[in-house]
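This report introduces one protein model to a reader who has not met it before. The sequence and the structure are shown first, and the description follows.

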Amino acid sequence: MTTTTTGTAPHRNDGTDTTATTGSPERARTPRRMRQTRTWRSRLLLPMAALAVALVATACMPPGATATADPAGARSMINSSRADNGLPALADDTQLDGLAQAWADQLAAAGHLAHQDLYGVITSPWMAGWQRLTENLFDGGASSTNALVENMWMNSSGHRDNILDPNVNRVGVGVAHDGAGNTYVVADFGLR
């Protein structure tokens, strides 16, 4: 390999350019191809590291916790809290699921929390046979998880009482999102 010098910038005849553009001696000695490889590696390293952190965080979530709130996961967290307190699991109920989902959709459309008229619901003919109904509501950001919802409820005496009520045997859960991505979760507890 021969090296020619034009002015003060060296040029190698093997197709690599070692011209110093930043005044850094290291850069002057590093062929362009290696600098390009380092640039691509550094551009890929941050997104790959972020993905790895997200995957590890997801893998470390407790059972029933998902990346975002969902009915099955929320129900699992409710039953886990009941088990931790010596209470039996609540059976999933499709009628309560429908009631909770319809109300979660209504809350997301309205953009605010309000309890439904549970007395009006339980006395309606389509709810014949139900002896008790209680309800928990939650609203939060798009990244709300089942664990976050359950932690918020368990740290609120009224919501905790509904979850740990020994006089209910069924639960229905609904989850909805508004146009801004906010999460609305409704858990309806009942005795049938």
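Glycine 172 has contacts with Asp93, Leu96, Asp97, Ala100, Val186, Ala187 and Asp188, when residues up to four places away in sequence are left aside. This glycine belongs to strand S5. Glycine 172 counts as buried because its relative accessibility is 0%. Its C-alpha atom is separated by 7.4 Å from that of glycine 98, although the two residues are 74 residues apart along the chain.

The model is a predicted one. The mean pLDDT of the protein chain is 78, and 65% of the residues reach 70 or more. Over residues 1–27 the pLDDT is below 50, and this stretch has 24 contacts in the model beyond near neighbours in sequence. Residues 49–66 also stay under 50, with 12 contacts beyond four places in sequence. Where pLDDT is low, the predicted coordinates should not be read in detail.

**The sheet**

Strand S5 takes part in an open sheet of four strands, ordered S3-S5-S6-S4, with mixed pairing. S3 and S4 stand at the edges with a single partner strand each, so one side of each is left without a neighbour in the sheet. The pairing of S3 with S5 is parallel and extends over two bridges. Aspartate 92 has valine 171 of S5 as its bridge partner. Helix H6 (residues 146–154) packs on the sheet, where H6 touches S4 and S6, and its direction makes about 120° with that of S4. Helix H3 lies across S3, S5 and S6 and runs at about 135° to S5.

**Helices H3 and H4**

The table sets out the lengths of the two helices.

| Helix | Number of residues | Expected span | Distance between end C-alpha atoms |
|---|---|---|---|
| H3 | 14 residues | 20 Å | 20 Å |
| H4 | 17 residues | 24 Å | 24 Å |

For H3, the span expected at 1.5 Å a residue agrees with the distance between its end C-alpha atoms. For H4 (residues 94–110), the expected span likewise agrees with the distance in the model.

The N-terminal end of H3 is capped by aspartate 70, which has a side-chain oxygen 3.4 Å from the backbone nitrogen of alanine 72. Just after H3, glycine 86 has a positive phi of about 75°. The buried residues of H3 include Gly73, Ala74, Met77, Ile78 and Ser81. Among the elements that cover the buried residues of H3 are S3, H4, H6 and helix H7 (157–163).

At the start of H4, a side-chain oxygen of aspartate 93 comes to within 3.0 Å of the backbone nitrogen of glutamine 95. Glycine 111 follows H4 and has a positive phi, near 80°. Among the buried residues of H4 are Leu96, Leu99, Ala100, Trp103, Ala104 and Leu107. An α-helix has 3.6 residues a turn, so residues three or four places apart point the same way. The buried residues of H4 pack against several elements, including H3, helix H5 (118–122), strand S4 (132–140) and strand S6 (183–191).

**Aspartate 97**

Is aspartate 97 of the helix buried or exposed? Aspartate 97 is located in H4. This aspartate is buried because its relative accessible area of 16% is under the 20% limit. Beyond four places in sequence, aspartate 97 touches Arg75, Asp92, Val171, Gly172 and Val173. Among these contacts, Asp92 and Val171 are also bridge partners.

Note on methods:
Residues numbered from 1 in each chain as written. Heavy atoms only, no water. Expected span 1.5 Å × (residues − 1). Buried < 20%, exposed > 50% of the residue type's maximum accessible area, 1.4 Å probe, protein only. Contact = heavy atoms within 4.5 Å. Polar contact = N/O pair within 3.5 Å; in protein donor to acceptor, adjacent residues only side chain to side chain. pLDDT = per-residue confidence, 0-100. Pairing = 2+ DSSP bridges. Axes fitted to C-alpha atoms, helices over the stretch in contact; angles between N-to-C directions.
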